[in-house]
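Open your viewer, switch to the cartoon view and keep the selection tool handy. We will go from stop to stop, and at each one you will hear what to select and what is there.

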Amino acid sequence: MAFSPKVKRTTKYGDGAQNLLRSQKDAYARLLNQHQNGKFRSYLQELATQQVEESMSTSVSRSVNVVSRRKKGNSESSYSVDSLSSQQSRQMADASICSYTDKTSYQVTCTEDQGIKPGMLEKHARMELHKAAAPKKVPSKPQHKRNEKDIKISSNLVGSEEGDSQQLSCSCGEEQAKDKSKKKRLKGNLAKKDEGECGPEVDVITGKSPNKNIKAPQTQASKESLLQNNKDKGTKSGRGSRKQLFEEYMRTEDVSAGLERGELIKGVLRINPKKYKEAFVPSPDGSADIFLDGIAARNRALNGDVVVVKVLPPEQWKEVSGDINERTLANQMVPKAPDVIVEARYNEDDEVIGKMKNVCLHDKAPVTTQSVKHGSAFNISGSSSERAMQRTGKVVIIFEQKHSRAASGFLKFLPNKNFAMFSPVDHRIPRVNVPLVDCPADFVSRPGDYENVLFICRITHWPADNNFAEGRLAKTLGQAGEIEPETEGIMTEYDVDFSEFSEEVLNCLPQDLPWSIPAHELSRRRDLRKECVFTIDPATARDLDDALSCKQLSDGNFEVGVHIADVSYFVEEGSVLDQIAGKRATSVYLVQKVIPMLPRLLCEELCSLNPLTDRLTFSVIWKLSPEGKILSEWFGRTVICSCIKMSYDHAQSMIEAPDKHFSAEELPPCSTNHRIHEIKEAILNLHNIAKQLRAQRFESGALQLNQLKLSFSLDKESSMPQGCYVYQYQDSNKLVEEFMLLANMAAAHQIYRTYPELAILRRHPPPQSKMVDDLQEFCDQMGLDIDLNSSRGLHRSLNENLGNDEYAAARREVLTHMCSRAMQMASYFCTGALKDENSFHHYALNVPLYTHFTSPIRRYVDVIVHRLLAASLNCGPPLSLSLEEVHKLASHCNDRKTASKRVQELSSELFFAVFVKECGPLDSEAMVMGVLDQSFDVLVLRYGVQKRIYCNSLEGLKAVHFRKVGKRPEMTLVWEQADPSKESTQQVYYPKQLSVC
């Protein structure tokens, strides 16, 4: 190395400390090349740590000094170094200070988060000396401004109101990638050094450093994880080492051993939609969920994925307050598969059988500089001084990818990049780099034209060293806010197959149309075509899969039949049609249309129990006493001819006016073989029996948590919402429900009795004890007489103990929401996969065995149940599926049912948002459900919509005062008056008896 002569320079006042720091830094770099003993390295590491800490405290002044020195140009002070020229030393000093400035402004250091590893300092110092020794051109002022602007733009791309470490690492990663591309074209650029320092300083991995020697798993527990690890390794070898942000996945054998020993926990990952950095995995023992703090702890898993989690040591657990803990709320915010009750713990996704949930608009908390801690789901727990420790963990492997890896969102143009940035609408999904070749042809030249255009992107890879995923654009949807593009985006994200059925599938259907029942098939069935059979469905229903019959016998008892469309006759097991039906698993009911599980020829014609048409059915017929006692039961394949298609309103009008004579003009077309009076008598008899059955169910301990359902009236041509209203659940709905439940229970006993290892049933575990205890404490604090000791007591409390004033119904709705949060989800299962029969129990219905039999047109599980029934009755072939295949099928149907319900809910939210936008502000009374310290939850009574109101978004609000009265939260809102001479108006909100606002 050629040494430059010493140059004497004048040092200005105030730069002495900086020069001393630079001279020390250079001395370390030279000495490190000469001394490699451990004591010397330890000394340097300790000293460097002290200097970094000192630099953190003086970051602002350093930044100012750097800027002022650069502006002064030739008058800049410097110092002389033995081995460097004055020009080189000045460049090295500027580069070093820039590095320190970057560190202190971002407030991220290796020494604080990880500690300094052996050899790290030597490597860093050698790099500093090597770069400083190379002749470099000092960038001009515009150059520096441009670099700062680029960094700012890159940082903004990461985007979230929380401004977390993801922003830092992503922007650094981009600048680092840009730096590497420049390196090939132009060596020795000073900007390369400044930006290159950014990457290694970012550390978002919590806990210990990742073990880079761990191999990827080999089994299906995560084939995707294996590919991910292999891609990451290949990427590193090809482009050099970048800071690893995520740990490599654990080996499969280690995962299996850890699960067996109880050291690892497997569960479904749930990400808080309001705070995407918070995620949870349920604890197997029913205690508080395991908290995953930050994106790195999720290790590239997405919402809904089945993950394996390692619980971190107790010293890394989170201390949370007993009364202000939003994580408890997020713990419940996950869509579940509902059954007869609200089987959900997601405060926005609860729903009941045959109903969509109450609708909420997509909204975000307004950005605020104030630190806001939200209350728990029920605003419960002890005084503010109470503290609890919540276990934290990290994902060690993605056991099964449940998320579709598809998302709808927007494109952002990045200058001087060969890729664009895709920003998903759902903030729980990472931002994605997509190649420009996937973008529209004029996107680069006219990016502004696409600011409000929705795209579909599929994630193909998520490197371990980047907070951004990689993916490909799948489709351009259209303008955001329009119903059809938004709907298609929702369906794609939840992996709903809405494509047309292929020719191969359609070839499985009867080809000779119009189709009629073959004579040989009629001879094998019980002929019920002369019986008074009818359907009761929503007025707009087109897939009629259940019918009822009822006639009084000479002994005073009744013969009651439930007749279900025989879909299994048309869907042959193992056919292409059967495969596509199994894949879809369920029909998806949107506000404006239905995505059918089966081709419409079956759904709406050949299988649908349309009136005045012969149809094949699977029937269960009972002999019932007037009190609803079952005297006998018969199962078999039948043929019926429905005499009338009744709506719920038609049946309700008969129930409400039993003595009225209905004319033919008041009802739909009716068969001449049966008089209207005969149909009315059958409906009234069914209604009376249903009331007996219902009373018996609830007396035996059944529970039903009915919630409000928002319905829409649509324009016939545009399908735009013209109005919305809360759907009324009437006695006619309850009539049909009771007999469908009875048929499902009968089918469950029949198939389990015959196939104890292959039966596919539906179970519902009891609620989590901790959640119930918390809810009971809340009700006690609020003075609400609610008995949560049993399902029977809870049902009685909700229907008898809430008063009879004008707000009693609203109060019941609020408590129904709260109670639903403690409930677990119902799920399908194969009886051979669970050895304990007690686990078969259905908590909500309080019955030992239950399944789904009554909706085979829209649920694939029902088709399987029909096949099992036919085989058990010797009127069909035996099921060819193995225990393992039935188990996998049950799991798949659970997934698709959950996704279908969520899509339906989002469809309702979309239509409500469009309706509000078109119709302007809507006024309605609302009942306060819960009070947090900076917001409160309400149930909008007119629309059944649950909303969170953020205080900092309220116009005219002067002040907010939050306090705890005992354990009860209370908020006082102080409103400004238009007349300054008048005192401000105060409103006090608290859930005491659930006040109305």
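The tour below goes from a barrel to the nonpolar cores and ends at two annotated residues. Keep in mind along the way that this model is predicted.

**Stop 1: the barrel**

Select strands β9, β10, β11, β13 and β12. These five strands close into a barrel, in just that order, with mixed pairing. From one strand to the next, the twist averages 50°. If strand pairing is new to you, here is the background: strands of a sheet pair through backbone hydrogen bonds, either parallel or antiparallel.

Now keep only residues 453-461, which are β12, and residues 469-479, which are β13. Eight bridges link this pair, and the sense is antiparallel. For a single example, click Phe 455: its bridge partner in β13 is Thr 476.

Next, add residues 483-493 to the selection. This is helix α15, and it lies across β9 (406-412), β12 and β13. Relative to β13, helix α15 runs at about 150°.

**Stop 2: the nonpolar cores**

Which residues have the most contacts inside the largest nonpolar core? Select Phe 534, Leu 548, Phe 739 and Phe 853 to see them; the core itself has 98 residues. Colour helix α23 (residues 731-754) too, since this helix supplies the largest share of that core, eleven residues.

Apart from this core lies another one, of 26 residues. Met 771, Leu 815, Ala 822 and Met 929 are among them.

Return to Leu 548 and show what surrounds it. Beyond its neighbours within four places in sequence, Leu 548 has contacts that include Phe 534, Val 562, Leu 686, Leu 735 and Phe 739.

**Stop 3: two annotated residues**

Select Asp 537 and Asp 546. An unreviewed UniProt entry lists both under "binding site". Asp 537 belongs to strand β15 (residues 533-537), while Asp 546 is in strand β16 (residues 546-552).

Are these two residues buried or exposed? Buried means under 20% relative accessible area. Asp 537 has 7%, so it counts as buried. Asp 546 has 9%, so it is buried as well.

Finally, show their contacts, leaving out residues up to four places away in sequence. Asp 537 is in contact with Leu 544, Asp 546, Met 646, Ser 647 and Tyr 648. Asp 546 touches Asp 537 in turn, and its other contacts include His 563, Leu 609, Val 736, Met 740 and Thr 854.

Conventions
Residues are numbered from 1 along each chain as its sequence is written. This is a predicted model: local features need pLDDT of at least 70, side-chain atom pairs count only at pLDDT 80 or more; totals for chains, interfaces and linings use all residues. Side-chain values use heavy atoms; hydrogens and water are left out. Two strands pair if DSSP finds at least two bridges between them. Helices (H or I, at least four residues) and strands (E, at least two) are DSSP runs, numbered from the N terminus. Axes are lines fitted to C-alpha atoms, for helices over the stretch in contact, and angles run from 0 to 180 degrees between N-to-C directions. Contact means heavy atoms within 4.5 Å. A nonpolar core is a set of buried Ala, Val, Leu, Ile, Met, Phe, Trp, Tyr and Cys residues joined through side-chain atoms within 4.5 Å. Buried means under 20% relative accessible area, exposed over 50%, partly exposed in between (1.4 Å probe, protein chains only). UniProt positions are given in the numbering used here, feature names are shortened, and annotations may be inferred rather than shown by experiment.
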